[in-house]
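Hello,

Here is the structure you were going to look at. My notes on it follow below, starting with the helices.

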Amino acid sequence: MWDQRSQGETLWAQRSQGETLWAQRSQGETLWDQRSQGETLWDQRSQGETLWAQRSQENGIVFPDLPKITSHIGGYSHVKRKLFGPDHQVFRDAFRTFVEREIKPFHRDWEKEGIVPRELWSKAGEQGYLCPWLPEEYGGSDVDFSYAAIIIEELSRAGASGAAFNLHSDVVVPYIYHCGNDEQKKRYLPGCASGEIVTAISMTEPNTGSDLAAIQTTATLEGDHYLLNGQKTFVSNGHLSDLVIVVAKTDVNADPPHAGVSLLLVESSFPGFKRGKRLEKIGMKAQDTTELYFEDCKVPAANLLGHEGAGFYYLMQQLAQERLVVAVAAVAAARSVLDMTLEYVRERKAFGKPIGRFQNTRFALAEIATEIELGEAFVDRVMEEHIAGESLAKEASMAKYWTTEMLKRNTDRCLQFFGGYGYMAEYPIAQAYLDARVQTIYAGTTEIMKEIISRNMDL
Ligand SMILES: Cc1cc2nc3c(=O)[nH]c(=O)nc-3n(C[C@H](O)[C@H](O)[C@H](O)COP(=O)(O)OP(=O)(O)OC[C@H]3O[C@@H](n4cnc5c(N)ncnc54)[C@H](O)[C@@H]3O)c2cc1C
């Protein structure tokens, strides 16, 4: 008889039975190994946190019951992902433990407070979970976007929507790295990796969001500084931020208008930087979303990011990764929603049987599982190309549009299976439903994604 399991941080184990030593290992999310010992064949598996085994002694192979779903990936088989290897699994397990310890137990309280504590950022920085892609000279670990994907997936899986690490690490900080000069990189990047500096990006204004070239915030050069004036809204991390990339017009007469758009690195300590109220949202309640005001805010000319008038171009370049971040999160959130629904419909009974046995339930969940696999396969493919350095504005828009609509649609369908309980705020499915709603809106709406895609169709 033998057994092994993976729990917490240790993913694999080995045992000896008499003189025979055997082992198992985990690869990506699917773990398996198979050996023969004399004429006895045995096999064992672990999927996510659930480990199951089968063994044959004299009686031949014994097939285990299907594992009970405890969380996320696990409980039903899914297509093996090629993007992740054993090193990724070690990183995933460590970050999952961080989320379990440092985020999950407190998230409900943070939702009530409308913000996460500043210390969470320092803890994440200390552990190397902020900007791991940065080169070591700036405090990063020099890894590729697949590690960002793990952080995104694990936060989504846990429903930890308050910790906007990916907005900071994979949306804002890349602007500094790719468009900033050496002096700006040295000044800001190490703090971004350590968690001393929390960042935000501020494009949207009360009167314009999708139509970015129509922004009214202005930055006028006066000697060695810009005078920044305007109002911004819906700024994620706006309250916590120490450094904000502000999108402003440095030339209000530019033709076309987007040629007058520039990006400025604005520290929250600059005179004239004012935070407005934290906005009350229907979901993602622990993430602070804030208004910002600039009243003759003095920004050193040295804090211009890249070149004057090139801001729109930089945004178009970097927005592809932002959309990929949202797409990765959407697939992981959909998987998490499916898992919690499977667990519920197996337990909940109506008319003398689990509601999972009704054909309507089985077909709906089969459709949802299929859509998740299709979405994940496409997003993984886009990620691979993105990591290889391909420019993927169209594909990232496709991924963002389809996966977020898929998440919204299927979270609604899954909530239905919870009946009245699905409408109760304390149920994670209700939270997931509310968190899902914004995904088709921010980082470019579904309609804008379709605009971008169709622009490439020679219409
Ligand atoms: C929780 C949250 C967090 C956010 N975080 C940030 C942030 O950190 N930084 C930031 O700058 N912004 C942020 N935003 C803003 C977000 O990116 C915008 O809300 C979004 O881009 C849409 O802009 P809008 O709200 O002005 O809507 P509008 O642009 O007014 O659009 C309204 C509707 O019209 C549609 N529409 C617009 N143009 C077209 C068109 N050409 N064709 C067809 N339909 C069209 C839109 O799709 C939408 O359905 C956040 C928003 C939310 C809700």
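In this predicted model, helix α8 (residues 359–387) packs against helix α9 (residues 393–417) at an angle of about 160°, and their axes are 10 Å apart. Angles over 145 degrees count as roughly antiparallel, so α8 is roughly antiparallel to α9. The crossing in which α8 passes α9 is left-handed. On the α8 side, the contact is made by T361, A364, I368, E371, G375, F378, V379 and V382. On the α9 side, the residues are E395, A396, A399, W402, T403, M406, N410, R413 and F417. Sorted by class, the contact of α8 with α9 has 10 nonpolar, 4 polar and 3 charged residues.

Helix α9 also packs against helix α7 (residues 311–347). Here the angle is about 20°, with the axes 8 Å apart. Angles under 35 degrees count as roughly parallel, and α7 and α9 are therefore roughly parallel to each other. The crossing of α7 and α9 is left-handed. Their contact divides into 20 nonpolar, 6 polar and 2 charged residues.

Helix α7 has a further partner in helix α4 (residues 145–157). How do α4 and α7 cross, and within what distance do their axes come? The axes come within 8 Å and cross at roughly 40°. That angle makes α4 oblique to α7. The crossing of α4 and α7 is right-handed. In α4, the residues that meet α7 are A149, I152, E153, S156 and R157. They face V325, V328, A329, A332, A333 and S336 in α7. By class, the contact of α4 with α7 has 7 nonpolar, 2 polar and 2 charged residues.

Next, the ligand. It is surrounded by 22 residues, and the closest are M203, G209, S210, T445 and E447. Which elements give two or more residues to this shell? They are β9 (199–202), β11 (225–236) and α11 (446–455). The shell draws at least three residues from domain 2 (200–309) and at least three from domain 3 (315–455). Divided by class, the residues around the ligand are 10 nonpolar, 9 polar and 3 charged.

Two points of backbone geometry are left, both in loops. Most residues other than glycine have a negative phi, and most peptide bonds are trans. The peptide bond from D255 to P256, however, is cis, with omega near 0°. P256 is in the loop between β12 (243–249) and β13 (261–267). The other point concerns M284, a residue other than glycine whose phi is positive, near 45°. M284 is in the loop between β14 (273–278) and β15 (289–300).

If you want to follow this on the model, begin with α9, since α9 packs with α8 and also with α7. From α7 you can go on to α4, whose axis crosses that of α7 at roughly 40°. Then look at the ligand and, among the residues closest to it, M203 and E447. The cis bond from D255 to P256 and the positive phi of M284 can come last.

Regards

Key:
Residues numbered from 1 in each chain as written. Predicted model: local features only at pLDDT ≥ 70, side-chain atom pairs only at ≥ 80, totals over all residues. Near = placed C-beta within 6 Å. Helix = DSSP H or I, 4+ residues; strand = E, 2+ residues; numbered from the N terminus. Nonpolar A, V, L, I, M, F, W, Y, C, P; charged D, E, K, R; others polar. Domains from an automatic or database assignment. Axes fitted to C-alpha atoms, helices over the stretch in contact; angles between N-to-C directions. Parallel < 35°, antiparallel > 145°, perpendicular 65-115°, else oblique. Left-handed = near helix turned anticlockwise from the far one by under 90°. Contact = placed C-beta atoms within 7 Å.
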